[in-house]
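Please open the model in a viewer and keep the selection panel at hand. The stops below can be followed in order.

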Amino acid sequence: LSFKLLAASKNIEVEDPIWIELLTKGYCSFDFVSMSNAEKFIELVHKSNSPVFMSKDKFRIPRIISNIKVNNKVVGYLVALECEKPFKEDDLELIFLLCKVLSSEMQKNKFLQNTKGLRYENFIIDLICGEKMDIKTIEERLNFLDLHFKNNLYVLTIKVPQNNFANISLYRIRDTIEYILVDSKSIVYNDTIIVLISRNNKISTFENSFVKLTEFLKKNKIHGGLSRCFH
């Protein structure tokens with residue numbers, strides 16, 4: 001969803017600047033996405049239950065775009081370019097089938113099972129997993145994802161004992177924590193809730209939101225760890 005490339009066909013020459021940039025950089029830059037007015041296409045593909053054909057009046061090279069869903073949430077996109085032959089009606093059916101196969105495989109990924117289907121989630125995962133990104137790449141992806149963090153950043157990790165919450169999903173606990181900590185971004189990763197907090201001022205454990213958070217954690221016998229401030 002963050003327009004990072006997961007996989008692509010190799011050794012194919014296509015004169016399409018967006019495709020070339022994706023293969024070269026591994027993600028789509030803010031400038032290219034803005035130029036192509038991708039937002040309206042994303043919305044169209046997101047809402048569609050079948051692959052969408054994009055003609056030459058929308059892209060330099062016609063393409064078929066389809067969403068990939070896990071648990072009825074969009075987790076990615078499949079794009080096929082009209083390269084070596086014109087598209088036929090059968091190609092739409094083939095893309096639809098391929099998306100079903102990819103969905104079946106991606107369902108094995110625990111993170112995708114717990115995703116909210118928000119664009120920033122994959123970006124935070126990349127950072128947590130230590131993926132190498134230079135400052136320019138990070139800034140471009142932040143721009144594309146429309147993420148504007150305040151100066152002071154903290155990471156809060158919360159481990160939830162599953163035996164205590166047989167009937168309560170990590171989702172609900174995550175949503176409660178996001179409600180308490182306004183302006184935070186959270187993900188569920190390896191059965192742990194990870195919250196990225198951004199503030200203008202440094203956190204005080206005596207402030208109202210953190211008093212509420214502490215009470216919530218104690219009441220539910222959940223342990224959390226808060227990082228030092230970083231930038």
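A residue counts as buried under 20% relative accessible area, as exposed over 50% and as partly exposed in between, with a 1.4 Å probe and protein chains only. Helices (H or I, at least four residues) and strands (E, at least two) are DSSP runs, numbered from the N terminus. The model is a predicted one, in which local features need pLDDT of at least 70 and side-chain atom pairs count only at pLDDT 80 or more, while totals for chains, interfaces and linings use all residues. Residue numbers start from 1 along each chain as its sequence is written, and side-chain values use heavy atoms, with hydrogens and water left out.

**The whole chain**

Begin with the complete protein, which has nine helices and seven strands. Of its 231 residues, 41% are buried. Among contacts (heavy atoms within 4.5 Å) with a separation of 6 or more, 60% are between residues 24 or more positions apart.

**Helix H6 and its partner**

Select residues 120–128, helix H6. Which residues of this helix are buried? They are Tyr120, Glu121, Phe123, Ile124, Ile125 and Asp126. Just after H6, Gly130 has a positive phi of about 75°.

Now add helix H7, residues 135–144. Two packed helices are described by the angle between their axes and the distance between the axes. Here the axes lie 11 Å apart, at an angle of about 160°; axes are lines fitted to C-alpha atoms, for helices over the stretch in contact, and angles run from 0 to 180 degrees between N-to-C directions. H6 and H7 are therefore roughly antiparallel to each other. That scale takes angles under 35 degrees as roughly parallel, over 145 as roughly antiparallel, 65 to 115 as roughly perpendicular and the rest as oblique.

To see the contact, show Phe123, Asp126 and Leu127 of H6 with Ile138, Arg141 and Leu142 of H7. These residues divide into four nonpolar, no polar and two charged (Ala, Val, Leu, Ile, Met, Phe, Trp, Tyr, Cys and Pro count as nonpolar, Asp, Glu, Lys and Arg as charged, and the others, Gly among them, as polar).

**Helices H8 and H9**

Move to H8 (residues 170–180) and H9 (residues 208–219), whose axes come within 9 Å and cross at roughly 155°. This angle makes H8 roughly antiparallel to H9. On H8, display Ile173, Thr176, Ile177 and Ile180; on H9, display Ser209, Lys212, Leu213 and Phe216, which complete the contact. The contact residues comprise five nonpolar, two polar and one charged.

**The aromatic pair**

How many aromatic pairs does a search of the whole structure find? There is one, formed by Phe53 and Phe87 in an edge-to-face arrangement, 6.0 Å centre to centre with 90° between the planes. Rings of Phe, Tyr and Trp (its six-membered ring) pair if their centres lie within 6.5 Å; planes under 30 degrees apart count as stacked, over 60 as edge-to-face and the rest as tilted. Phe53 belongs to strand E1 (residues 52–54), whereas Phe87, 34 residues apart from Phe53, sits in the loop between strand E3 (73–81) and helix H4 (89–106). Phe53 is partly exposed, at a relative accessible area of 42%.

**Two positive phi values**

Most residues other than glycine have a negative phi. Select Asn71, a non-glycine residue with a positive phi of about 55°, in the loop between strand E2 (63–70) and E3. Asn71 is partly exposed, with a relative accessible area of 48%. Finish at Lys221, where phi is again positive, near 55°. Lys221 lies in the loop between H9 and strand E7 (223–226) and is exposed, with a relative accessible area of 62%.
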